[in-house]
Amino acid sequence: PPVMLVELLFQAACVSLFLPGGQARVYPGRKKPASFAVERRRVGPHVCFSGFGSGCCPGWMLSPGSGQCTLPLCSFGCGSGLCVAPNLCSCPDGERGITCPEPPGTCGEYGCDLSCNHGGCQEVARVCPLGFSMVETANGIRCTDIDECLSAACEGLCVNTEGGFVCECGPGMQLSADRHSCQDTDECLATPCQHRCKNSIGSYRCSCRPGYHLHGNRHSCV
């Protein structure tokens, strides 16, 4: 039918804009897009063509007003700024970057929460994360790490970490399932002895069968 011929010629002309040298390549037998009206509406800037039709290039989406690919996407958000290109923000301070810094709050690095009751609302400092304590400094409220090893019940060695602590055990011992106490490691499971192995707390001892004596290396039998 003549209408289908016009649509195919229009599609070939559009594709030719994106091929080297402007040469159009028409492949026989290819199905036309499900809704050609939608494809026609998308023709404009930032459109990427493929063998199955067209769509917005990465980093762009359809603008609700025009139906064209003119709305940029910023993966990290622009805060109080404006997304002007894919992952490019224009910030209130005149700077440009992949995101805009939040303005400093009066409650310190963790910002403020709004606490409201029948008497009105007031800004209060956010609660510190678990393992941190709130300390008032000249720059406002800050959260500092608590050294849990001062009160931790580790059977072995206690190692303080940011926001918590880790218990460790000495040689020949391993951490139990409760993550606090230590239990003996059975080194004999790794068969370090040539003949016989006897496990002990934190260590092990090798011995030999009758007719052999233990080598000076304490593992082999002669």
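**Hairpins, loops and backbone angles in a predicted chain**

In strand 17, N199 has Y204 as its bridge partner. The model is a predicted one, in which local features need pLDDT of at least 70 and side-chain atom pairs count only at pLDDT 80 or more, while totals for chains, interfaces and linings use all residues. Residues are numbered from 1 along each chain as its sequence is written, and side-chain values use heavy atoms, with hydrogens and water left out.

It helps to begin with the whole chain. The protein chain holds 2 helices and 17 strands (DSSP runs numbered from the N terminus: helices are H or I with at least four residues, strands are E with at least two). The chain has 222 residues, and 21% of them count as buried (under 20% relative accessible area; exposed is over 50% and partly exposed lies in between, with a 1.4 Å probe and protein chains only). Among the contacts in the protein chain with a separation of 6 or more, 16% come from residues 24 or more positions apart (contact: heavy atoms within 4.5 Å).

Two hairpins can be followed along the chain. In one of them, strand 12 (residues 157-161) pairs with strand 13 (residues 164-168) in the antiparallel sense, over 5 bridges (pairing needs at least two DSSP bridges between the strands). T161 of this hairpin stands opposite G164 in strand 13. The turn leaves 2 residues between the strands, and G163 in that turn has a positive phi of about 85°. The other hairpin brings back the pair named at the start: strand 16 (residues 196-200) and strand 17 (residues 203-207) run antiparallel and are joined by 5 bridges. Here, too, 2 residues lie between the strands, and G202 in the turn has a positive phi of about 80°.

Positive phi values also turn up outside glycine. Most residues other than glycine have a negative phi. N87, which is not a glycine, nevertheless has a positive phi of about 55°. This residue lies in the loop between strand 5 and strand 6 (88-90), and N87 is partly exposed because its relative accessible area is 29%. A positive phi near 65° is likewise found for R218, a residue other than glycine. R218 sits in the segment after strand 17, and R218 counts as exposed because its relative accessibility is 53%.

Several loops are worth a closer look. S63 is in the loop between strand 3 (60-61) and strand 4. Where, then, does S63 fall: buried or exposed? S63 counts as buried, because its relative accessibility is 16%. Apart from neighbours within four places in sequence, S63 is in contact with Q68, T70 and L71. L73 belongs to the loop between strand 4 (71-72) and strand 5 (82-85), and L73 is partly exposed because its relative accessible area is 37%.

Further along, S181 is placed in the loop between strand 14 (173-175) and strand 15 (182-184). Not counting residues up to four places away in sequence, S181 touches E155, C169, Q174, L175 and S176.

Finally, M134 is part of strand 10 (residues 132-137). M134 counts as partly exposed because its relative accessibility is 42%. M134 and D145 are 11 residues apart in sequence, and the distance from C-alpha to C-alpha is 9.0 Å.
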